[in-house]
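Visitor: I'd like a close look at just one part here, the place where the two chains meet. Could you walk me through it?

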Amino acid sequence: VETVAPFKEAIEMIREAGGEMFRKCFQCGLCTASCPWNNVKTFMPHKKITESKFGLVELGEEDWWLCSTCNMCVSRCPRGVAITDVIRAVRNITLDSVPRAVPASLKNAIGSLKISGNPWSGAREDRANWARDLAIPPVGAETQTLYFSCCTPAFDPKMGNIARATARILKETGANFGIIGAKESCCGESVRKAGNFEVFEKLAKSNIDAFHESGVKEIVVTSPHCYSTFKSEYPALGGEFNVVHLVQYLSRLADEGKLNFKKPFPKKVVYHDPCYLGRHNGIYDEPRSILKNIPGLTLMDEMNTRENSLCCGGGGARIWMETKKGERFSDTLVEQALELGAEVLVTACPYCILNFKDSVLTLGKEDVLDVRDISEIVDEVI
Amino acid sequence: MSNEISVSEIPVSQGKIGAVMVVGAGVGGIQAALDAAAAGFKVYLVDKGPAIGGKMAQLDKTFPTNDCSMCILSPKFIECASNPNISIITNTHVESLEGKAGNFQVHLYEEPRYVDEEKCTGCGTCAEYCPIYVPDVYNESLAKKKCIHVHFPQAVPAVSMVDAAHCLFLQRKICQICVPTCKSKAIDFKMQPKRTTVEVGSVILAPGYEIFDAYSQSQYGYHRFSNVVTSLEFERIISASGPNGGEILRPSDNRTPHKIAWIQCVGSRDETSNCTYCSAVCCMYATKQVILSKEHHPEIEAVVLHNDIRAYGKGFERFYERAKNMPGVRYQWAKTSIVGEDPDSKNIILRYRTDDSKVKDEQFDLVVLSVGLNSTEGNRELAEKLSIGLNEHGFCESPAFSPMETSRDGIYSCGVFHAPMDIPDAVTMASGAASLASQLLCEERGTLMEEKVYPEERDTTGEAPRVGIFVCDCGTNIAKVVDVPQVVEYAKGLPGVSHSVEETFACSVDAVNHMAETIRKQGLNRVVVAACTPRTHEPVFQAALREAGLNPFLFQFANIREQCSFVHMNEKEVATEKAKDLIRMATSKAVLLQPLHRAIYNVTPEALVIGGGIAGMTSSLALANQGIKVHLIEKTDSLGGLSKRIPVTLEGADVQNMVKKLVDEVYASDLIEISTNAQLVEYSGYVGNFISGIRVGNGEALKEIKHGITIVAAGAEELKPNEYLYGEDDRVITLLELDERIEKDSSQVKECDSAVFIQCVGSRNDERQYCSRVCCSHSVKNALQLKKLKPEMDVYVLYRDMRTYGFKEDYYKEASDQGVVFIRYQPEDPPDIHAVKEKGKSFLRLTATEPILGQRLEIDADLVCLATASVAPTGNKPLSQMLKVPLNEDGFFLEAHMKLRPVDFSTDGIFMCGTAHSPKFIDESIAQAQAAASKALAVLTRTSIEGQAAVAEVNEELCSGCRVCEMACPYDAVKKDEEKRVSVVNQALCKGCGTCVAACPSGAMKGKHFTMDQILAEIRAAFAA
């Protein structure tokens, strides 16, 4: 057995990078037992925490980049350890001190964020291209409500319909809203989870400035990742806004009796809980109640739902990284949906949609299973 | 002026009232009620449920002795029910309370039972006719029972009740089938809720707990998978009186599970469930369930998935070791997640990390959730109504060093209402709470008491034997093995037998009353009960004889359970034949039984307390407060004991201040005579009349003390180890030494940059197979102090299991938050320590294997603190020999019963408290000291006590005065009368063990109740089949 001494400088670095939570851990291993990676291969968060506690981390290890921040471990941890914070701290140190250990695709995304404010190498000025034919006004003093589409629908052509559908719904339901366009940047959620706090702060501050400039009070979002960041991280940087996810907006309308579905959607639909909507923010009932009220729609639950929902694999900057075949959580979810006999896999997160679309394609099931954002279904029946 | 006083002018009773209300009738409430009644107070025992017994009545067996829970509890039911000074009030809760300590008016609200308690016999006929099935709450809804039913077979009061929520008549005004079936006309649907007001001097709160709601956390799959059950459900599944008659069957398919997993800490030590505290009992009950499962089916594979195993109580560590070493049992240190259910087998798949750094998926037939103990909504309401403070976890708050006190004078608490705890701790606190109530109401003692009056004894001289035989099914404990109806028939044909009958539970209140009635009606003059054991149940049946006007010694037990159905479980025919043999033997003896009478003795109302630590002083004061003269002897030159070395508690309370106050109070009391440098050197006598010889200092002359009871509070000591360089290097110290160092000169401690605590030094090893209970918390306390003195100090704790049970868990967590690093080590791979000099620096280098990393960690420390064992003083052995009371294998005093008699010895009149019993915290010692005082007081306030009746007797004609009997007697009860030159038996000391009878070469000794002809008759009957 090797003899090692606690490495105090490393402990201090992790602490300073925000990973101090390792102190609380009593090594019960529940994080490891809960982590979805263990469906496909061995990954032991409790060991990572222990390594951090003694400063005995191997910065070059691939493992540090696996975590999709799905929050399963955090939501169950009996000692309240934010395991993802510790991992984020080590990622932060790695970015600075062992750049060669950082996945290449992640470096590309960070580069794109730095240059054009989005991770998908899109041109900044194209950000509002999706809205060209929709005549959406720029957000201003009269509107005060911003629709923030998220970079993924804005720049990925196969995702654009989500933003368009959402905008149509907002219009149809009489929302007084606008968009910002080129001055808008990525919310920064994923790059923060990747450990690059510097880029995150830059993006966040530029957004906050842009929002303030336009007099934004309320933000309607498509992505739970944007939702989480605006809600939990922006206030500390001076950005206090009323943040509303589309499902919350719709469910509020429904409560007021203002949401009427005119057409039926006679299909078997399975709803997937996005981690950042569910476990991170506790929003479980709103999307279900919306879907349940659509005429003809048969709503089914996944094998693991709500607090126990399986991550698609796209959080924690994993959306930018390559995941090997056989290790993709989204493949499992698509297979489970097919087993249930679902015709449509619906969710409320662009990352989930991106991953599911990929999975359906690579599994050759695009004729059998339709992947939709909840906005797209509502847009069809409203 | 008119002589009349208008009603409004009648004052509520002025002054104190000699009555106590106990709220909650679980085992704690029952014990508090019995103690308060024994102390001379009228008791109202109130419970919101339909019967007394609480959660303990639902348990199968109890750890660490595996005694049957109901078997040890039901005698207490009978004691309560038959005590004329205890009013049992069920289906009732406290609505409000007024008044002050000594004089409370308690307003009660009683839900209607729809059955008249006075009229109902609990015969169960109504239930046979009732058409509606409801979930059986007693069986955790694993079975169904009729809407009108008796809560459980041994229930007290043994009367039916109507489940109003499901009754067809109460809900829909149809049915009422049950009403005409009741011969006693007891069913009354017109019953209304009843409000009453009771005046009492004091209130003892024992409302208990509820188990953690496993539904609330979806991760356990309790709502989704049928083969996931709670531990309380498992108690019912495994219980002989449960829905499967004691067969372990899993819910999905009623098949015996081959592989069972226990998941520990469900709703305990868990921030996500808002229960950060440790529930203190789950590790042990799971261990018990493992052992019981293995006993049911030795081939069962049992896996306990756990965090720290908290086997901290007396006898727990051995129990845990026993379970761990059983074949097919695994204890796996890991919390687990439920991956899912196999759709075909309905097996549950669990995922957990293994010790060799792997992640494993494993299937189990059944998963048991070891759910924690929670406060209840009802408890919160009760506390609010009574203006009682609760802590952040919803448990009763008490001032430092007064565990049974609440935030309101005159209202006391005990059991799990105070904190999660196991049965003996709850029973101890219950007696302690009764002691406080007794002190408060001292002057009113006896003012509201009623004597239990039995009818005059019938003279049976000259009557031909008329034996009544009662054969008990013990639910299914006996009946599922022995063919009881066949045995009953057989007994009818035995000589002298005039009545023979089967009973489902012979010990139920209803059955006992019925027995008395049968004795009277049939003119029986001998009774044989074929049931369990005389150890627990003889007094119950003897009371029935007395009730019927028969001398209680005209009774004979045939143990057809322990000696028959339990040991011949798989040989039903043989067992039935053996039951017949046992009953035939008992009957042959019964016909020869003679009435016996107990001798009456006076009581010397004084106490001897041995040991002047916190426990001894607390007991002394409790007695002196009630006018009892106390002789307190202390072997050292001052009072205070070990506590003099403890500056503060983990919770931050000032120990020295408390001890000083206690010492001052003891010295200030006129009734306490203190002897320091004193030792007990001579001891004789019996309960009520002991004589002790005390040597003070080196004096030759002995001081003679006459006293009625003795309390042993001889304390414990901190082990001085001979490992880890202790005694060789002064940087290695014990916990108490660190306490002193921090207290006296913290600057020296502040110079340290790194400190290491090593746990379990001298505990939990082959030499001392017990956990010292306090050291984990003690180390946490000191670690927090070091962090406070110097936040940048590196503090490490090398431990095996952190046993910070109950609310002490919060401090363990606090220490982690403060950066104290906890490293688990294995006993077979203990830490290593070397003194090292390097680069001009001198330090201690420790290495220990870190189990997660799988590497040996090297830590350099300036201070090493050893958490050494609490050990029994060497003086315990001679003391135990002098008092003729037993020690356990670890040298601590051994109580009469691990679960229900935690402060009593088997010898009457001698009690124990504090660390003399086992290592424990100050609060626990204080509770036990009060409990011992309560037991002592029950003896000392009596004017006289009854001795044994079945004693030895000398036939002076035959006795040659050879003294063989005197040497043989283990109780010092036989002495030779030098004048008459024959032996004389001291009837007060004689326990009737019969050793002298066997030893006497002349046949001069006779054992009453076990005479030669009685025994020979039994032997003859044994071979007469």
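Visitor: How much area do chain B and chain A bury between them, and what share of it is on carbon and sulfur atoms?

Guide: Chain B and chain A bury about 3,500 Å² between them, with 52% of it on carbon and sulfur atoms. Buried area here is the accessible area, taken with a 1.4 Å probe, that two parts lose on being put together, summed over both. Lys335(B), Arg351(B) and Arg353(B) supply 15% of what chain B buries against chain A, more than any other three residues.

Some housekeeping: this is a predicted model, so local features need pLDDT of at least 70 and side-chain atom pairs count only at pLDDT 80 or more, while totals for chains, interfaces and linings use all residues. Residues are numbered from 1 along each chain as its sequence is written, chains are lettered from A and ligands numbered from 1 in the order in which they are written, and side-chain values use heavy atoms, leaving out hydrogens and water.

Back to the contact (heavy atoms within 4.5 Å): chain B puts in 42 residues and chain A 39. There are 17 residue pairs in polar contact across the interface, both partners at pLDDT 80 or more. That term means a pair of N or O atoms within 3.5 Å; within protein, one must be able to donate a hydrogen and the other to accept it, and residues adjacent in sequence count only if both atoms are side-chain atoms. On the chain B side, the elements that give two or more residues include strand E19 (337–341), strand E20 (348–353), helix H21 (809–817) and strand E44 (855–861). H21(B) gives the most, with five residues. Helices (H or I, at least four residues) and strands (E, at least two) are DSSP runs, numbered from the N terminus. By type, the residues on that side of chain B divide into 14 nonpolar, 13 polar and 15 charged. Ala, Val, Leu, Ile, Met, Phe, Trp, Tyr, Cys and Pro count as nonpolar, Asp, Glu, Lys and Arg as charged, and the others, Gly among them, as polar.

The backbones get involved too: strand E1 (residues 3–4) of chain A and E44(B) pair in the parallel sense over two bridges, pairing requiring at least two bridges found by DSSP. Within that pairing, Val4(A) stands opposite Leu857(B).

Now the charges. Three salt bridges link chain B and chain A, each a side-chain nitrogen of Lys or Arg within 4 Å of a carboxyl oxygen of Asp or Glu. In one of them, Arg79(A) meets Glu809(B), with the closest N and O atoms 3.9 Å apart.

To follow that thread into chain B, look at Arg269(B) and Asp308(B), whose side chains meet in a salt bridge at 2.9 Å, N to O. Arg269(B) sits in the loop between strand E16 (259–266) and helix H7 (282–296) of chain B, and Asp308(B) in the loop between strand E17 (301–306) and helix H8 (316–324), so the pair ties together parts 39 residues apart in sequence. Arg269(B) is buried at 4% relative accessible area, and Asp308(B) is buried at 1%. Buried means under 20%, exposed over 50% and partly exposed in between (1.4 Å probe, protein chains only).

For contrast, Lys358(B) and Asp356(B) form a salt bridge at 3.5 Å, N to O; Lys358(B) is partly exposed at 49%, and Asp356(B) is partly exposed at 48%. And the thread closes here: salt bridges that share partners join Arg79(A), Arg269(B), Asp308(B), Arg310(B) and Glu809(B) into one network.
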